[in-house]
Amino acid sequence: MNKFYITTPIYYPSGKWHIGHCYTTVICDALARFHRMKGEDVFFTTGTDEHGQKVEKEAAKRGVSPLEFITPLVNEMKEMWSLLDISYDRFVRTTDSAHEECVKKIYEKLYKSGDIYKAEYEGFYCVPCESMWTEAQLVDGKCPDCGREVEKRKEESYFFRLSKYAPAILKHYEENPEFLQPKSRVNEMVNNFLKEGLQDLSVSRTNVKWGVPLPFDEKHTAYVWIDALLNYVSSLGYLTEDDSLFKRYWAADLHLMGKEIVRFHAIIWPAILMALGLPLPKRNYGHGWLLIGGEKLSKSKESGSEELTDPYELIKRYGADAVRYFLLREIPFGSDGEYTNERFLLRVNADLANDFGNLVSRTEAMMLQNFGCVPKRGKEEPLDKELIGLAESAFAKVEDAMNRLNAPEALSAIFALVSRANKYIDETTPWALAKDPEKKERLGAVLYNLAEVVRMTAVLLKPFLINSPALVLKSLSQDESAGFEALKFGLMKGGEKIEKLAPLFPRIDVKKELQAVAEFVRANRKKENPVEKEESVKEKISIEDFDRIELKVGEVVACEKVKKSEKLLHETVKIGEEFRSVVSGIGKFYTPEEMIGKKIVLVTNLKPAKLCGVLSEGMILCAEDENGVLSLVTPEKAMGSGGSVR
């Protein structure tokens, strides 16, 4: 059995989500699903990059530990991947003990081999990018990747002998043209970095405590980028007693990433692997960015764009399949793509509502109306054979495109079949055939052909869309778990039951929706930006009014998620000798396991209320930052439950 090991980079979970953050992971998921459906042995990893100075600084601002700060954001990222049906096999956190142990062992191995040595470094550090630059590499004195200010630093460090491996990396590029794609990325790496030779890389920090301590010098922590890259082997159990996954899947078949981090994957990572004596990945692919008005999404958001880029809201309004489809179909793979509300809506309307959704609803409605089930396969005419031939040849085109990582081209081949089937309806006029009793057999043949194209299209779409193909197959009484072995025309039997589907993708009035979306974005911006919103000063209260509020310290002794809610937790809180049921909206920031044992501050004299059917007898106090991240208000010093807050 062929194996396929595919990875996304691991991400820093900033909590500021836009649709561009989902792009790499959705593509990887489609590729993983495609290879699984081919019967291959697939392992797909993603995860979170949780160490480093920016996490340390943000946690300090909030008065919490780095782990307390980052964990709610990690949970939010996992929730996003769940909403988009991301089918990863392993989610790696760099704070996982197994990962940290692997990092230590690799540093030890490289130190003992002489590939890591101690010295001093001086350079310019970009905190947001966690990257070190020479003065010559800066652009207008700023970080060449993100354009932000850098800090000049000089400190003791351990270095990796990156310069030693430049010739071997260049040779690998020459002998393995598929190793780095697209070709423009090769030119960039060679001309900007490799041609002039490489400098040794600082791989430790003494001024950052939130990281993996080096086993041979605990004053130093591992450079966050090396820590992050090593997840590709730590996730497989490298250097552990059970390294069966590593033996089974390494080397990686594909590392997929945004073009801004190609340098780390195409120069630093190969050099580390060479130093460890490990084979290199087969392919690194640096794709383009999703832009608005020529700018990256994060910058366009800051500039006041009225485009709706929040993936949570997009999924809520249009469904996960629509979001996945836009990302996979609209953006030219390897190049930058443009996002606007209008492009999104037009693509969803044209392909999903008008073409695919319309084909499904017309075909099923005509079968139900005229036969009440799937009709029997009939005699084929030349027009039928053309449609059947296109259906039977579609997979080869999809497979060729996906082998080249070109999801837009694969979807284009599938929707060419959908378009031809819709044209076939116009050519065969089944509504006219239905009026003539003598043409009942021909009507049955036409509708059977359409039903088979609908079924095969649903199977072809399964790697890309998750919900709608399963609904279509179920409505035709077909196996929802069918793989590509089901792409043979004629597998359906006459007489199979049909369940009428609600519209898969209701047609959108684009003009009205664009107006509604713009209003929604403007309203949200006013909430988020205190400069833009009208000042609303709350009425001052007297000390007597404040004295009416009863605040007490409580201890959470039990906690569980509230069913049918993504953000509500149900806590049992001990207040002195009393136990209370409390419902709080902090489920995106704390897990039930994290809440148990925490000391919290509770408003105890609120009127009881029911939230999602669960009794709540108080309110837990939280602080909220400018990004909407919640943090529990807790006593600074140890205090028993039941203590009053004044």
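## Aromatic pairs and a small strand group

Tyrosine 158 and phenylalanine 216 are both buried. Keep in mind as you look at them that this is a predicted model. A search through the whole structure turns up 28 aromatic pairs, and these two residues make one of them, an edge-to-face contact with 5.1 Å from centre to centre and 75° between the planes. Where does each partner of this pair sit? Tyrosine 158 belongs to strand S6 (residues 151–160), while phenylalanine 216 lies in the loop between S10 and S11; the two are 58 residues apart, so the pair links distant parts of the chain.

That loop is a handy place to start on the strands around it. S10 and S11 form a hairpin, with two residues between them. Strand S10 covers residues 213–214 and pairs with S11 in the antiparallel sense over two bridges. Leucine 214 is found opposite aspartate 217 in S11. Strand S11 (residues 217–222) has another antiparallel partner in strand S9 (residues 204–205), again over two bridges. Here serine 204 has alanine 222 of S11 as its bridge partner. As a general point, side chains in a regular strand alternate between the two faces of the sheet.

Now back to the rings. A second pair worth finding on your screen joins tyrosine 5 and tyrosine 249; it is tilted, with 6.4 Å centre to centre and 50° between the planes. This pair, too, links distant parts of the chain: tyrosine 5 is in strand S1 (residues 3–7) and tyrosine 249 in helix H9 (residues 244–249), 244 residues apart. Are these two tyrosines buried or exposed? Tyrosine 5 counts as buried because its relative accessibility is 0%. Tyrosine 249 counts as buried as well, because its relative accessibility is 2%, and the cut-off for buried is under 20%.

Both tyrosines also take part in a wider group. Ring pairs join Tyr5, Phe43, Tyr232, Tyr238, Phe246, Tyr249, Trp250 and Trp269 into a cluster.

Finally, some rings have a lysine for company. Which lysines lie over a ring, and at what distance from its centre?

| Lysine | Ring | Distance to ring centre |
|---|---|---|
| Lysine 259 | Tryptophan 289 | 4.4 Å |
| Lysine 588 | Tyrosine 312 | 4.8 Å |

For lysine 259, the charged end sits over the ring of tryptophan 289. Lysine 588, in turn, lies over the face of tyrosine 312.

Conventions:
Residues numbered from 1 in each chain as written. Predicted model: local features only at pLDDT ≥ 70, side-chain atom pairs only at ≥ 80, totals over all residues. Heavy atoms only, no water. Pairing = 2+ DSSP bridges. Helix = DSSP H or I, 4+ residues; strand = E, 2+ residues; numbered from the N terminus. Phe/Tyr/Trp six-rings, centres within 6.5 Å; stacked < 30°, edge-to-face > 60°. Buried < 20%, exposed > 50% of the residue type's maximum accessible area, 1.4 Å probe, protein only. Lys NZ or Arg CZ within 6 Å of the ring centre and 35° of its normal.
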